[in-house]
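This report introduces a protein structure to a reader who has not met it before. Please keep the sequence and the 3D view at hand while reading.

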Amino acid sequence: MLSIRNLHAGYGKVKVLHGISIDVPKASVVTLIGSNGAGKTTTMRAISGMIRPSAGEITMGIGANAKRIDALESHRIARLGLAHSPEGRRVFATMSVTDNLLLGAFPRLTSARPRGDVKADLERAIEMFPRLKERRHQLAGTLSGGEQQMLAIARALMSDPQLLLIDELSLGLSPLVVDEILARLVELNRAGLSILLIEQFVHRALDVADRIYVLKKGRVAYSGTPAAAVRIGAVEEAEQASGRRRTELLVREERDGGLARVVVAPRAARGGGPAVPLCASGRQQRGDRRTQRA
Ligand SMILES: Nc1ncnc2c1ncn2[C@@H]1O[C@H](COP(=O)(O)OP(=O)(O)OP(=O)(O)O)[C@@H](O)[C@H]1O
Ligand SMILES: [Mg+2]
């Protein structure tokens, strides 16, 4: 469904990805794992057209329908069936919950995709998240962090995608809600949806993934089944003094066969920052993420 070959990408002079290759087969769940700053979000941004790769190929679709997408604008990629729930819950703050969801269906309102029953899907999205149902007329910017995350995921599903990218699924959500979302995603996956997931709670990620890729400093350190990764080294989850968990994953590096220790600290440690909508083209405003972090 998605094939990435030798992808190089970054931000101006800052090179982040140094030739990564990733495959997401049709109807599979693939998880990206890596320390903070490893390049996971950058990979997703390159796939969905938010940043332009400096080299490499990204192909979406199967067989005769496969199409190079690395030079396409975000909205064109979306029309091919890709949805992206981005890092930092980028909902449209001054629009209502319902309008955010309807906007998610926009790629279907063009002739490129089957339109399906948008109204029924809106009801389903809202039923999936009862908290959104109660707040359907509320402005998205006034939702709590966790509610905005629910909205971002529900909005991505509204496009009825063939390939779904979710960056930091569990950010700001209670374990119960995460389990509910994962259960729904597994259902959609069984019905054919391909999923690329970034999830900092590694055990959860290993539970649902058919295959994992461990990124280290912009390179693929390991790719394989979760079971193999767990055999190679232990996945250890340790409670930190702050009460947050962090995970250490020991993987055998693809390049030289040495063992690499990857420490994954849950994102919640840094907070989500305010929701900043994308500019109209869908491309991220230069530097806005840096300001958010500051
Ligand atoms: N807009 C930007 N401009 C410049 N550098 C950036 C920008 N966004 C990210 N970076 C840098 O690119 C590198 C990879 O960042 P990325 O967001 O892809 O990491 P990540 O693996 O998603 O990490 P995290 O787990 O913290 O979300 C980091 O060193 C980061 O500082
Ligand atoms: Mg990230």
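The text below treats the overall make-up, the sheet, a helix that lies across it, the nonpolar core and the surroundings of the ligand.

**Overall make-up**

The model is predicted. The protein comprises ten helices and 13 strands. Of its 294 residues, 41% count as buried. Among the contacts with a separation of 6 or more, 66% are accounted for by residues 24 or more positions apart.

**The six-stranded sheet**

Six strands form an open sheet in the order E6-E7-E8-E3-E9-E10, and their pairing is mixed. Strand E6 (82-85) and strand E10 (219-224) stand at the edges with a single partner strand each, so one side of each has no neighbour in the sheet. From one strand to the next, the twist averages 15°.

Two of the pairings can be set side by side.

| Strand pair | Sense | Bridges | One bridge pair |
|---|---|---|---|
| E6 and E7 | parallel | four bridges | Ser-85 and Ile-166 |
| E7 and E8 | parallel | five bridges | Ile-166 and Leu-197 |

Ile-166 thus appears in both rows: in E7 it is the bridge partner of Ser-85, and its own bridge partner in E8 is Leu-197.

How are the faces of E6 covered? In a regular strand the side chains alternate between the two faces of the sheet. In E6, Leu-82 and His-84 lie on one side, Ala-83 and Ser-85 lie on the other, and all of them are buried.

**Helix H1**

Helix H1 lies across E3, E6, E7, E8 and E9, and runs at about 145° to E7. H1 is mostly covered, with eight of its eight residues buried. These buried residues are Lys-40, Thr-41, Thr-42, Thr-43, Met-44, Arg-45, Ala-46 and Ile-47. After H1 comes Gly-49, which has a positive phi near 85°.

One residue of H1, Ile-47, is also in contact with Leu-2. Leu-2 belongs to strand E1 (residues 2-11). Why does Leu-2 count as buried? There are 24 other C-beta atoms within 10 Å of Leu-2, and a residue is buried if 20 or more lie within that distance. Apart from neighbours within four places in sequence, the contacts of Leu-2 are Val-24, Ile-47, Met-60, Leu-163, Ser-194 and Leu-196. The C-alpha atoms of Leu-2 and Lys-26 are separated by 7.9 Å, although these residues are 24 residues apart along the chain.

**The nonpolar core**

The largest nonpolar core has 68 residues, of which Leu-151 and Ala-154 touch the most other members. Helix H6 (residues 145-158) gives the most to this core, namely eight residues. If residues up to four places away in sequence are not counted, Ala-154 touches Leu-101, Ala-125, Met-128, Phe-129 and Leu-132.

**Around ligand 1**

Which residues come nearest to ligand 1? There are 15 residues around it, and Tyr-11, Asn-36, Lys-40, Thr-41 and Thr-42 come nearest. The shell divides into four nonpolar, six polar and five charged residues. Strand E2 (14-24), helix H1 (40-47) and helix H10 (288-293) each supply at least two residues of the shell, and H1 gives the most, with three residues. Helix H1 therefore links two parts of this account, as it lies across strands of the sheet and contributes to the shell around ligand 1.

Terms used. Residues numbered from 1 in each chain as written. Chains lettered and ligands numbered in written order. Predicted model: local features only at pLDDT ≥ 70, side-chain atom pairs only at ≥ 80, totals over all residues. Core = buried A, V, L, I, M, F, W, Y, C linked by C-beta atoms within 7 Å. Buried ≥ 20, exposed ≤ 12 C-beta atoms within 10 Å, placed from the backbone. Contact = placed C-beta atoms within 7 Å. Near = placed C-beta within 6 Å. Nonpolar A, V, L, I, M, F, W, Y, C, P; charged D, E, K, R; others polar. Pairing = 2+ DSSP bridges. Axes fitted to C-alpha atoms, helices over the stretch in contact; angles between N-to-C directions.
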